[in-house]
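Colleague: Thanks for sitting down with me. Could you walk me through this fold, beginning with its aromatic residues?

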Amino acid sequence: PRRKGTTMGSITANPNFSGPPPPLMRCKVLVIGDAGVGKSALVQMFHSKGTHFPKQYQMTTGCDFVMKEIKLPESGAIVELHIYDCAGQAVFKELTTSYWKNANMVMLVYDVTNPDSFQHLGPWLDLVRKKCPEKILPGVVVANKIDLEERQRVDIPDGQEFAKSNNLEFCQVSAQRNQNVEKPFEMISQIFYTAYEEHVDTLT
């Protein structure tokens, strides 16, 4: 059940709040990118603490939903991530975007062995901004499959530059090797908490 108070996006807070942050903040995250870049593998590895990597590719046909809490070490605040793993096939775009309302964060994922998946980040981001015009969503760009070094065709500085030019953070992961998979979700949680603190400051 939601706590009583004033809802700021997906953050629930008391408008007269002046103490420490509430014990729980809810953040809706869109995980977006082309089909086959490893979005579902990344989400499932994060959700299962590295115990479940999908060995066979199964195409997402709409949005798969998972929920997981992250406790921020410095503040002790808990961010409850509501993660929407969105289909990357063009045929499902209209269905997928129907889940995007009231999103707080975006995670754009590409495959470092697939240049097209990187080139399509711009159109994906444009679509997010078109469907969510009320705010510019912060978030992170994720370079996946960095374990496939011999097949890498997208240079890391290119990903970093795309992220920087769009005011997004950047992270490298390997879902298959369980390498750094928690990092992008931790980054999103911290960004969300920082935005919450800034909002609270305007009310006190």
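Colleague: Which residues do ring pairs link into a cluster?

Modeller: Happy to help, and keep in mind that this is a predicted model. The structure holds four aromatic pairs. Ring pairs join three residues into a cluster: Tyr110, Phe118 and Phe162.

Colleague: Which lysine lies over the face of phenylalanine 46, and at what distance from the ring centre?

Modeller: There are two such placements to look at. Lysine 28 sits over the face of tyrosine 84, at 4.6 Å from the ring centre. Over phenylalanine 46 you will find lysine 68, and its distance from the ring centre is 4.4 Å.

Colleague: Which element gives the most to the largest nonpolar core?

Modeller: That core has 32 residues, and Leu42, Leu81, Met107 and Phe185 touch the most other members. Elements giving two or more residues to this core include β3 (25–32), α1 (39–47) and α6 (183–201). With six residues, the top contributor is α6.

Colleague: How many residues are in the second, separate core?

Modeller: Tyr110, from the ring cluster, is one of its members. Trp124, Leu125 and Ala163 are also among them. In total, this second core has 28 residues.

Colleague: What share of the contacts between residues at least 6 apart in sequence joins residues at least 24 apart?

Modeller: Leucine 42 makes a nice example, as its contacts beyond four places in sequence include Met107, Val142 and Phe185. For the protein as a whole, the share joining residues at least 24 apart is 72%.

Note on methods: Residues are numbered from 1 along each chain as its sequence is written. This is a predicted model: local features need pLDDT of at least 70, side-chain atom pairs count only at pLDDT 80 or more; totals for chains, interfaces and linings use all residues. Side-chain values use heavy atoms; hydrogens and water are left out. Contact means heavy atoms within 4.5 Å. Rings of Phe, Tyr and Trp (its six-membered ring) pair if their centres lie within 6.5 Å; planes under 30 degrees apart count as stacked, over 60 as edge-to-face and the rest as tilted. A charge sits over a ring if NZ of Lys or CZ of Arg is within 6 Å of the ring centre and within 35 degrees of the ring normal. A nonpolar core is a set of buried Ala, Val, Leu, Ile, Met, Phe, Trp, Tyr and Cys residues joined through side-chain atoms within 4.5 Å. Buried means under 20% relative accessible area, exposed over 50%, partly exposed in between (1.4 Å probe, protein chains only). Helices (H or I, at least four residues) and strands (E, at least two) are DSSP runs, numbered from the N terminus.
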